[in-house]
Amino acid sequence: MFVLGLLPFLRLLYAGWQDQLGANPLEFITRNTGDWALYMLCITLAVTPLRRWLEWPWLMRLRRMLGLYTFFYASCHFMSFLWFDHFFELSE
């Protein structure tokens, strides 16, 4: 689970290293981290209903790690927005 949660971030780093971020790399980074924050949030929120429906109690052990990855991608999205779009200018 640890490696699977990091794959989108590693793919983003690899695309940056290979200069494959497209014509607007700042938008690509911001959108990619935002998309993955939403994906991870949906997966995290689906753990409890899946555990009850499928009767798999071991799914609860994954919920905290999924939540931390959600926070990680949301933080990366917020920091890229604040850095690339506003250059840490808080008055905007």
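## Thr 33, a buried spot in helix H2

Thr 33 is buried, with just 4% relative accessible area. This residue sits in helix H2, and everything here comes from a predicted model. Why does Thr 33 count as buried? Because the cut-off for buried is under 20% relative accessible area, and Thr 33 comes in at 4%.

So what does Thr 33 touch, once neighbours within four places in sequence are set aside? The list runs to Leu 12, Tyr 73, Cys 76, His 77 and Ser 80. Closer to home, the Thr 33 side chain also reaches the backbone oxygen of Ile 29, at a distance of 2.9 Å.

## Thr 30, also in H2

Thr 30 belongs to helix H2 as well, which covers residues 25–45. Is Thr 30 buried or exposed? Buried, at a relative accessible area of 10%.

Leaving out residues up to four places away in sequence, Thr 30 touches His 77, Ser 80, Phe 81 and Phe 84. With Ser 80 there is a polar contact too: the two side chains meet at 3.5 Å. His 77 and Ser 80 may ring a bell, since both also turn up among the contacts of Thr 33.

## The chain as a whole

Stepping back, the chain has 4 helices and 0 strands. Follow the sequence from start to end and the pattern reads α-α-α-α. Helix H1 takes in residues 2–17, H2 residues 25–45, H3 residues 47–54 and H4 residues 60–85.

How does the radius of gyration look next to that of a compact globule of 92 residues? The globule would be near 12 Å, but this chain has 16 Å. Put a box around the C-alpha atoms along the principal axes and you get roughly 45 × 35 × 15 Å.

## Inside, outside and charge

What share of the 92 residues counts as buried? The figure is 26%, with Thr 30 and Thr 33 among them. The accessible surface adds up to about 7000 Å², and carbon and sulfur atoms account for 69% of that.

On the charge side, there are 7 positive and 7 negative charges, and their mean positions lie 22 Å apart. As for how the chain meets itself, take the contacts between residues at least 6 apart in sequence: 58% of those join residues at least 24 apart.

## Two loop residues with positive phi

Two residues stand out for their backbone angles. Asp 19 is in the loop between helix H1 and H2, and its phi is near 60°, a positive value in a residue that isn't a glycine. Asp 19 is exposed, at 69% relative accessible area.

Glu 55 is in the loop between helix H3 and H4. Its phi is positive too, about 55°, although Glu 55 is not a glycine. Is Glu 55 buried or exposed? Exposed, with a relative accessible area of 65%.

## Pairs across H2 and H4

Now for some C-alpha distances. Ile 43 is a helix H2 residue that counts as partly exposed, at 41% relative accessibility. How far apart in space are Ile 43 and Leu 66? They are 7.5 Å apart, C-alpha to C-alpha, with their positions 23 residues apart in sequence.

Leu 68 lies in helix H4 and counts as exposed, at 55% relative accessibility. Its C-alpha is 9.3 Å from that of Met 40, a residue 28 places away along the chain.

## Pairs with more space between them

Cys 42 is another H2 residue, and if you have cysteine chemistry in mind, note that Cys 42 counts as exposed in this model, at 55% relative accessibility. Its C-alpha and that of Gln 20 are separated by 28 Å, with the two residues 22 apart along the chain.

Over in helix H4 there's Leu 62. Leu 62 is partly exposed, because its relative accessible area of 24% falls between the under 20% of buried and the over 50% of exposed. Between the C-alpha atoms of Leu 62 and Leu 13 there are 25 Å, and the pair is 49 residues apart along the chain.

Note on methods. Residues numbered from 1 in each chain as written. Predicted model: local features only at pLDDT ≥ 70, side-chain atom pairs only at ≥ 80, totals over all residues. Heavy atoms only, no water. Rg over C-alpha atoms; globule rule 2.2 N^0.38 Å. Buried < 20%, exposed > 50% of the residue type's maximum accessible area, 1.4 Å probe, protein only. Contact = heavy atoms within 4.5 Å. Areas by Shrake-Rupley, 256 points an atom, 1.4 Å probe, with all protein chains shown as cover. Lys, Arg positive; Asp, Glu negative; His and termini not counted. Charge placed at Lys NZ, Arg CZ, Asp CG, Glu CD. Polar contact = N/O pair within 3.5 Å; in protein donor to acceptor, adjacent residues only side chain to side chain.
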